[in-house]
Amino acid sequence: MKHETHITDAAKAAIEAASLILTDDAPHLHDPVVGPIYQTSLFTFKDFAEMQKTFAGEGQGYIYSRVGNPTVHDFERRIAELEGAEAARAFSSGMAAISSTVLSIVSSGDRIVAVRHCYGDAYRFFEKLLPRFNITVDYVDGSDADAVEAALPGAKLLYLESPSSMVFELQDIKRLAQAARAQGITTVIDNSWATPVFQKPHTHGVDLVLHSASKYIGGHSDTVAGVVAGSKALIARINELTHPFLGAKLSPLEAFLLIRGLRTLPFRLKRHMDSALFIAERLRAHAHVTKIHHPIYSNHPGRATLAGFTGLFTFEVDDTIDIPRFTDLLKFFRLGVSWGGHESLIVPVAASLAQTPGVNSFDRFSVSPRAIRLHVGLEDPEMLWADLENALAKSIKT
Ligand SMILES: Cc1ncc(COP(=O)(O)O)c(C=O)c1O
């Protein structure tokens with residue numbers, strides 16, 4: 001079966017809009033095509049007056065790289081622009097962005113409402129650390145907007161991830177952000193899957209939009225980083241309460257790698273979308289595949305805010321497929337967590353369940369052990385499909 005294009009007009013428009021934003025480079029001395037890496041821990045001042053002015057927060061002056069750095073700031077500026085937000089703050093990991101953002105909002109005695117299939121370590125952060133500060137989390141089926149709204153009264157924070165990890169459940173982010181705002185509840189979303197190219201939740205009323213920049217934004221599986229975007233006031237709160245003290249700042253070198261990743265993000269996403277949809281369609285027609293978890297097959301209103309789809313989705317196989325044999329037969333899909341890089345990856349849920357018994361949202365919220373997550377990379381899609389088809393054929397139990 002030949003590969004045909006799956007790029008929609010909405011995705012094309014989103015790719016063009018992001019490409020235009022990303023051509024807006026900050027001016028640098030000598031006009032290099034690629035900006036420098038300010039690999040410095042501190043910044044000096046020409047005299048007392050300049051130091052005093054900088055400490056008073058006047059002008060663009062930098063003091064110390066744990067708190068601010070021009071290369072890191074260049075990355076933050078681009079993310080804020082892509083998300084349609086006033087400001088952004090970068091971190092040394094997506095988890096640092098999640099924990100520093102959440103902790104900037106909640107206090108002892110507060111309650112969070114979170115979608116049940118949120119990223120595993122976000123779930124474990126909620127379950128293991130937050131109870132020590134007397135903060136509770138109620139998990140909801142994020143696809144059921146009525147259920148989410150019913151859980152909201154009295155909450156301090158609504159935590160979304162649309163589509164959600166592993167099962168790619170969609171949430172009606174416009175409706176939920178509006179409902180939360182009406183009750184003075186801050187909404188946070190993990191937008192790592194869609195990226196700011198294909199979904200801009202802040203423009204739909206979500207207060208803070210965060211990313212594991214380790215995924216598509218970096219795009220080359222060589223950087224672990226995170227970022228959050230939102231209003232100046234909420235980012236200032238993170239800067240005042242958590243970012244400088246928890247200390248998980250982004251390094252200038254990694255900011256440089258992320259800026260490099262951003263330059264090709266729209267074009268990489270075009271390829272991920274096209275190839276993943278091609279492979280999802282082939283899998284859907286396969287006799288031993290029982291289910292595909294991909295937002296393309298959903299009629300949920302949460303699809304309306306997605307301009308396109310990326311390369312990560314899950315499928316389930318019937319009992320006749322020997323899952324360990326299937327994964328071991330693959331030549332191009334490598335067994336590995338994370339996603340968003342150039343390479344194709346596979347995670348069988350059955351293998352990852354054993355890692356964290358008792359504190360895994362999968363066993364609590366029933367993700368099938370027959371589920372297998374794929375990241376469709378930038379390789380030739382027909383070659384990738386041939387690899388999957390061959391491994392499926394040879395892993396049927398006799
Ligand atoms: C959806 C999602 N959010 C957040 C994270 C955490 O990001 P990081 O690994 O950069 O800390 C991940 C990591 O896999 C993720 O998949």
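A residue counts as buried when its relative accessible area is under 20%, as exposed when it is over 50%, and as partly exposed in between. The exercises below concern a predicted model.

**Exercise 1. Confidence**

Task: Determine where in the protein the confidence is lowest and where it is highest.

Solution.
Step 1. For the protein as a whole, the mean pLDDT is 95. A value of 70 or more is reached by 96% of its residues.
Step 2. The lowest confidence belongs to helix α14 (residues 361–364), with a mean of 64.
Step 3. Strand β7 (residues 226–230) has the highest, at 99.
Step 4. Predicted coordinates should not be read in detail where pLDDT is low.

**Exercise 2. A salt bridge between two elements**

Task: Establish which elements are linked by the pair Glu76 and Arg89, and decide whether Glu76 is buried or exposed.

Solution.
Step 1. A salt bridge requires a side-chain nitrogen of Lys or Arg within 4 Å of a carboxyl oxygen of Asp or Glu. Between Glu76 and Arg89 the N to O distance is 2.9 Å, and their side chains form a salt bridge.
Step 2. Glu76 belongs to helix α3 (residues 70–83) and Arg89 to strand β1 (residues 87–91). The two residues are 13 residues apart, and the pair links distant parts of the chain.
Step 3. Glu76 has a relative accessible area of 4% and is therefore buried.
Step 4. Arg89, with a relative accessible area of 8%, is buried as well.
Step 5. By the rule of Step 1, the count comes to 16 salt bridges.

**Exercise 3. Salt bridges within a helix**

Task: Describe the salt bridges Arg77 with Glu81 and Glu281 with Arg284, giving the position and exposure of each partner.

Solution.
Step 1. In the pair Arg77 and Glu81, the closest N and O atoms are 3.2 Å apart. Both residues lie in helix α3, four residues apart, which is about one turn of the helix.
Step 2. Arg77 is partly exposed, at 23% relative accessibility; Glu81 is also partly exposed, at 33%.
Step 3. This pair is part of a network of salt bridges that links Asp74, Arg77, Arg78 and Glu81.
Step 4. For Glu281 and Arg284 the closest N and O atoms are 3.8 Å apart. Both residues lie in helix α11 (residues 252–284), three residues apart, or about one turn of the helix.
Step 5. Glu281 has 31% relative accessibility and counts as partly exposed, as does Arg284 at 47%.

**Exercise 4. The surroundings of the ligand**

Task: Characterise the shell around the ligand by class, and state how much of the ligand the protein buries.

Solution.
Step 1. The ligand is surrounded by 15 residues, the closest being Gly94, Met95, Asp190, Ser214 and Lys215.
Step 2. By class, six of the shell residues are nonpolar, six are polar and three are charged.
Step 3. Helix α4 (residues 94–105) gives the most to this shell, namely three residues.
Step 4. A polar backbone atom of Gly94 is 2.8 Å from an oxygen atom of the ligand. For a backbone N or O atom of Met95, the distance to a ligand oxygen is also 2.8 Å. An N or O atom in the side chain of Trp339 is 3.4 Å from an oxygen atom of the ligand.
Step 5. Taken alone, the ligand exposes 390 Å², of which the protein buries 89%.

**Exercise 5. The setting of Met95**

Task: Locate Met95 and classify its exposure.

Solution.
Step 1. Met95 lies in helix α4.
Step 2. Its relative accessible area is 21%, so Met95 is partly exposed.
Step 3. Met95 and Val227 are 132 residues apart along the chain, and their C-alpha atoms are separated by 9.6 Å.

How values were computed
Residues numbered from 1 in each chain as written. Predicted model: local features only at pLDDT ≥ 70, side-chain atom pairs only at ≥ 80, totals over all residues. Heavy atoms only, no water. pLDDT = per-residue confidence, 0-100. Buried < 20%, exposed > 50% of the residue type's maximum accessible area, 1.4 Å probe, protein only. Near = heavy atom within 4 Å. Polar contact = N/O pair within 3.5 Å; in protein donor to acceptor, adjacent residues only side chain to side chain. Areas by Shrake-Rupley, 256 points an atom, 1.4 Å probe, with all protein chains shown as cover. Nonpolar A, V, L, I, M, F, W, Y, C, P; charged D, E, K, R; others polar.
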